[in-house]
Amino acid sequence: MLQSQAFFSRVSQCHRPLDAIEHVSLKKALHHVDIPTKKATFAMACFWAPDALFGTTIGVIRTRVGYSGGTKVNPTYRDLGDHTEAIEIDYDPKVIDYENLLDLFWANHDPTAKAKLQYTSFIFYHDDEQKAIAEKTLKEQQKLYNKPLVTAIRPATKFYDAEDYHQKYRLQQHPWLCELLNCKGDLLKNSYIAARLNGYVIGCGGVSQFETELPILGLDETAGEYVRKLVTKFEGQGLVC
């Protein structure tokens, strides 16, 4: 285990604050944001890190991690077949555009890294416009590297959700928060606040953004302060899987 992995794994040992109330759920937690969205699908090595990154990106409504790009039916983590780990993003195109999402894609993994298929870099496009933008940015990115990019651009095919224990992995390292949000099963994949907190608990998004968004998230005072301490502590630490 890398030192950074060990550092963040200690987060999983966090217990609920002493003043947290047992068996209480947050009825005002912002789980569902009902607005028109578009999809973006990327593979950028381990899927835990991009789930945290995109989950706190303004304009992103929902995220889920899973397996895509291959032909095997119903792949699993232990039996991926010819799929790769990927993230599916639902975003509001009125707030953030596809090229902005690609900027984050390129900036937050190594597109020259030769890895086994499970961790290979892919852009899975959902329409001709996404394909054209992806191809344009790939050409621009290639100019920045002395080595060839391994990133492949492919049409999006069926996306298979990963097992629940992979969804919002960093948030699930704080089980009392998940209990407070009543967040499990499909809600881990569809909840707006789950996507947000999954990043905030490791510092993604930053303190300023968290404070701006806090009033609409529906957290109580205890949970809000708990997350505030985490985002303050880990802001700037970078992504880790």
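This is a tour of selected places in the structure, stop by stop.

The model is predicted. Residue numbers count from 1 along the chain as its sequence is written.

**Stop 1: helix α4**

Select residues 128-142, which form helix α4. With 15 residues at 1.5 Å a residue, the helix should span 21 Å, and its end C-alpha atoms are 21 Å apart, so the expected and the modelled span agree.

Now show the side chains of Gln130, Ile133, Ala134, Thr137 and Gln141, which are buried in α4. They lie on the same side of α4, because they cover an arc of only 100° around the axis. Turn to the other side of the helix and pick Asp128 and Lys139, which are exposed there.

What do the buried residues of α4 pack against? Add β1 (38-43), β3 (84-91), α3 (98-107), β4 (122-125) and β5 (152-155) to the selection: the buried residues of the helix pack against these elements.

Before leaving, go to the N-terminal end of α4 and select Asp127. Asp127 caps this end, with a side-chain oxygen 3.2 Å from the backbone nitrogen of Glu129.

**Stop 2: Arg196**

Select residues 192-200, helix α7, and pick out Arg196 within them. Is this arginine, Arg196, buried or exposed? Its relative accessible area is 1%, so Arg196 counts as buried.

Follow the side chain of Arg196 to the backbone oxygen of Val60, which it reaches at 3.3 Å. Next, display the residues in contact with Arg196, leaving aside its neighbours within four places in sequence. They are Gly55, Thr56, Thr57, Ile58, Gly59, Val60, Glu213 and Leu217.

**Stop 3: two residues with positive phi**

Select Asn74 in the loop between β2 (60-68) and β3. Asn74 is not a glycine, yet has a positive phi of about 55°. With a relative accessibility of 55%, Asn74 is exposed.

Then move to Lys168, in the loop between β6 (160-161) and α5 (175-181). Lys168 also is a residue other than glycine with a positive phi, near 50°. Is Lys168 buried or exposed? The relative accessibility of Lys168 is 0%, so this lysine counts as buried.

**Stop 4: the cysteines**

How many disulfides does the structure hold? It holds one. Select Cys46 and Cys241, which this disulfide joins with an S to S distance of 2.3 Å. The link of Cys46 and Cys241 is left-handed, with -90° about the S-S bond. Cys46 lies in the loop between β1 and α2 (48-55), and Cys241 in the segment after α9 (221-234), so the pair ties together parts that are 195 residues apart in sequence.

Check the exposure of each partner. Cys46 has a relative accessibility of 17% and counts as buried. Cys241, with a relative accessible area of 22%, is partly exposed. Buried means under 20% relative accessible area, so the two values fall on either side of that cut-off.

Next select Cys183 and Cys178. Why is the sulfur of Cys183 not bonded to the closest cysteine sulfur, in Cys178? The two sulfurs are 5.8 Å apart, which is too far for a bond. Cys183 is buried, with a relative accessible area of 6%.

End the tour at Cys204, which is buried with a relative accessible area of 11%.

Technical notes
Predicted model: local features only at pLDDT ≥ 70, side-chain atom pairs only at ≥ 80, totals over all residues. Heavy atoms only, no water. Helix = DSSP H or I, 4+ residues; strand = E, 2+ residues; numbered from the N terminus. Buried < 20%, exposed > 50% of the residue type's maximum accessible area, 1.4 Å probe, protein only. Polar contact = N/O pair within 3.5 Å; in protein donor to acceptor, adjacent residues only side chain to side chain. Contact = heavy atoms within 4.5 Å. Expected span 1.5 Å × (residues − 1). Arc of directions from axis to C-beta. Disulfide = S-S within 2.5 Å.
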